Amino acid sequence: MSRASITKAHQKIQELSWEPTFVSPVEKFSTDYTFEKAKKKDPLKQILRSYFPMEEEKDNRVFGAMDGAIRGNMFRQVQQRWMEWQKLFLSIIPFPEISAARAMPLVINTVPNPEVHNGLAIQMIDEVRHSTIQMNLKRLYMNHYIDPAGFDITTKAFQNNYAGTIGRQFGEGFITGDAVTAANVYLTIVAETAFTNVLFVAMPGEAAANGDYLLPTVFHSVQSDESRHISNGYSIILMALSDERNRELLERDLRYAWWNNHAVVDAAIGTFIEYGTKDRRKDRDSYAEMWRRWIYDDYYRSYLVPLEKYGLVIPHDLVEESWNRIWNKGYIHEVAQFFATGWAANYWRIDGMDDADFEWFEHKYPGWYDKYGKWWERYADLSKKNGHGPIMFEGDKAEYQYPHRCWTCMVPCLIREDMVVDEVDGQVRTYCSETCHWTDAVAFRPEYNGRPTPSMGKLTGKREWESLYHGWDYADVIKDLGYVRDDGRTLVPQPHLNLDPKKMWTLDECKGHTMQSPNVLLNQMSPEEREKHVAHYKAGGPAGRPAPQEASA
Amino acid sequence: MSTTEPQSTRSVPKPVFTDAEAGALEFPSSTSRSYNYYTPAKRRATIYEDVTVDVQPDPARHLSQGWLYGFSDGVGGYPENWTALKSSNWHAFLDPNEEWEQTIYRNNANIVRQVSQTVANAKAAGSFLSENVSWLGVVEKHISAMAHAEHGIGMYVYTACQRDAPTNMINNAIAVAAAHKLRFAQDIILHNLEVSEQVAGFDGSAHKAVWQSGGEWEAVRKNVEEITGTRDWAEAYFATTMVFEPLVGELFRSHFVMQVAALNGDYVTPVVVGAGEADVSRDRAAARRLFRLLVDDPEHGAANRATLEGWLEKWVPASVKAGRGLQPIWSQVPDKMITFEESRSRAVTCFTGLLDELGLNYAKEL
């Protein structure tokens, strides 16, 4: 359809809405935002008559590429190091996608703008597309990649794994709590507008460099829908800004949403891009460089900062601290190291780093080797079965103190000096940062800065994964998770890529090691013991190195 | 003009032969090439099952840490008590249409092409001008008014309900139904736009007043608004798919528009409305399977049947009244090829057939 026809058709479909006089749609979801004074407009101008054929054409291209990949034996050129991380990524991402579909009624229900409802309904259909197209990509990987284990248990593993849980909050954050906080600020304003850039643009680029051109094909097709979703979000935030009463809530939600997205997405995607690649060309961008381009320049400076003209206070401090964590505090490296430490509770295999990797890291992150190099050398040593346990239980050899977990973002408190400890809701909890502490103790509460916020959600669930298995034998943990291959003893996860059955770890090597929950242990301590323990913990690092026994923060 | 300046060396990733394709080696699980965390309905899993089942987590299945975020009352995820109906296994429902992204776009794009080509042909042939004038009045006022009902159901019933059900299979089926309704509503109203551009005197906006304040549509609007005002997702879904659609939607679309349009020189409207009817039939197959599972549930079947019969008591009178309110429209076409009572009889037969299928009783007169 021509642009003029679309504009005319779009004007026409606005006639479909009406003001109910008998009964208004039930208020299923609530928000503390108000839109009484809001101007209404739909910037999207999408009608289904043009939408469906457009998406069908996009699909045809995706499915054509899939056929081509199989016929062209793409898997003879994919890097296993890369594909293994896709077992984690592709187990997570279909859930946030479908959650975004489920989130649309939250904003349709609470934002009184029939024009934008049209855009939101199209987004709902898009998100069903994204979720199922990604599940189908994974199905293809399972069928054609050398090692299907981990792909074959995908959504179950996503639901019972500590790393899956970190990713799951990304989707759950869209569908519960204050409708506008969840489905607009967290989902659209921050997750889609900022972080899909690294998820769906930067990461697929790295996939292609590792021989996988299907991930870019699918995810760029997905990303081309995201721009429409960004318009939905922008339209609603402008409506919200037209009422002074929303300002404080917007500022709260931008702080929460920014920091949580940074903590979760940068942890995962940063690890995939930096530690999942074999492309060590020195002129290829590091994750930090990509972040600076896609998040800092394209989102923060070009999208977020201009909102200041509407009088909104932007969380400059948190944006800068995110960068500080990535660049100066080694956030991505600490996370990758943690994933590798806990390799035996994963459902993917983690390749060690070699000299080529070391050289690249040192080039991109000067000082990297001194902090992390030795640990990766030990990881390589301890990846070979030789009478010892998984590296997680070899703390002395590895010089690694298993970390506390952040109650809010559920990524461990890896930047040790930043850990915050507080008793919240009758429980001693640990947080990776001041902002994660604020999120739980201040933001997600029924009152904020003295004003009632009855619609605000709550952090719930068994948020520390380790507490589920406190006191269990590690072999039993892995069996309970279901991460055992079809011979009944070989593990799905491995600390190397060697598929020689004799070199692969089994349940036998995991027996006799006891899983412990740092949070359970922390709560069992006396206040004095706890204070000492926390001081010692905060004096540790980088790279998880425990502080000398006498040290304190 | 060509240049002979040497190009600088380009930095590109080097292809590497890794031999990481299936079958290159044998090792434990090297042949484990199906999702192993659910049991497919048949021997081999379908693509639909693989891309849909368990994507929405459930604490009763694999979700070990529970929901991580809650509403202000602490309840998170997809609570089963968002409907009064109960199931011993919500996951037993699989969409008989097996909708996933490829089917959604193929089917809807086909309909778009079908409608667009028909409209283009009608414009080229000047056939809008040869339609019966009285019939054009029906198109102008009533068929276009029906678009509001379709839009309301798509946007404020189905789109809303697809947030609420306990499984991904149910929610996706409802989301697809929402897409159908929204497209159908737009197809009707864009058909209205085409006719208004082709036929002098055709008032393209007359439907708004007919819908908002017209006598024939008042009870329909009330019925639709009341469904949008229902918190229980299964009740809203049942009131729409099993009550409103046969007694109001199809009464008007199948048993009136589809019967008389062509006889009045209009072959475009039946294409538009016929596509909508096909959607309804497709989406009803999913609803029938869901409610069938619920009334047959070994543990909760009897209670579910009682709940559904309670909903019939509440919703059937509203839809019967809405359907009857449309009766004057049947008199607005010159050639009465079908009477209102004949149309209604067909609608009631369809409705009672659905009740029989589910083993539900509705004692009152229809």
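## A tour of the predicted model

Start by selecting N449(A), which sits in the loop between β3 (447–448) and β4 (451–452) of chain A. You are looking at a predicted model. N449(A) is not a glycine, yet its phi is positive, at about 50°. Is N449(A) buried or exposed? With 56% relative accessibility, N449(A) counts as exposed.

Now go to chain B and pick D19(B), in the segment before α1 (47–52) of that chain. D19(B) also has a positive phi, near 50°, and is a residue other than glycine. Its relative accessible area is 31%, which makes D19(B) partly exposed.

Return to chain A for another backbone stop. Select G541(A) and P542(A): the peptide bond from G541(A) to P542(A) is cis, with omega near 0°. You will find P542(A) in the segment after α20 (527–538) of chain A.

Next, show helix α12 of chain A, residues 316–327. Its 12 residues, at 1.5 Å a residue, should span 16 Å, and the end C-alpha atoms are indeed 16 Å apart. Colour L318(A), V319(A), S322(A), W323(A), R325(A) and I326(A), which are buried in α12(A). Look down the axis of α12(A): the buried residues fall within an arc of 160°, so they line one face of the helix. An α-helix has 3.6 residues a turn, so residues three or four places apart point the same way. To see what covers the buried residues of α12(A), add the helices α10 (247–275), α11 (287–304), α13 (331–341) and α17 (434–443) of chain A, which are among the elements that do so.

For a pair of helices, select α2 (residues 48–71) and α5 (residues 114–144) of chain A, whose axes are 12 Å apart at an angle of about 10°. That angle makes α2(A) roughly parallel to α5(A). On the α2(A) side of the contact, look for residues including Y51(A), F52(A), F63(A) and M66(A); on the α5(A) side, residues including I122(A), I133(A), L137(A) and H144(A). Which kinds of residue make up the contact of α2(A) with α5(A)? They divide into 12 nonpolar, 2 polar and 5 charged.

Finish at R168(A), in helix α7 (residues 162–175) of chain A. R168(A) counts as buried, because its relative accessibility is 0%. Add P96(A), 72 residues away along the chain: its C-alpha atom and that of R168(A) are separated by 7.2 Å. Beyond its neighbours within four places in sequence, R168(A) is in contact with F95(A) and F158(A), and also with P57(B), L63(B), Q65(B), G66(B), W67(B) and L68(B).

How values were computed. Residues numbered from 1 in each chain as written. Chains lettered and ligands numbered in written order. Predicted model: local features only at pLDDT ≥ 70, side-chain atom pairs only at ≥ 80, totals over all residues. Heavy atoms only, no water. Helix = DSSP H or I, 4+ residues; strand = E, 2+ residues; numbered from the N terminus. Expected span 1.5 Å × (residues − 1). Buried < 20%, exposed > 50% of the residue type's maximum accessible area, 1.4 Å probe, protein only. Arc of directions from axis to C-beta. Contact = heavy atoms within 4.5 Å. Axes fitted to C-alpha atoms, helices over the stretch in contact; angles between N-to-C directions. Parallel < 35°, antiparallel > 145°, perpendicular 65-115°, else oblique. Nonpolar A, V, L, I, M, F, W, Y, C, P; charged D, E, K, R; others polar.
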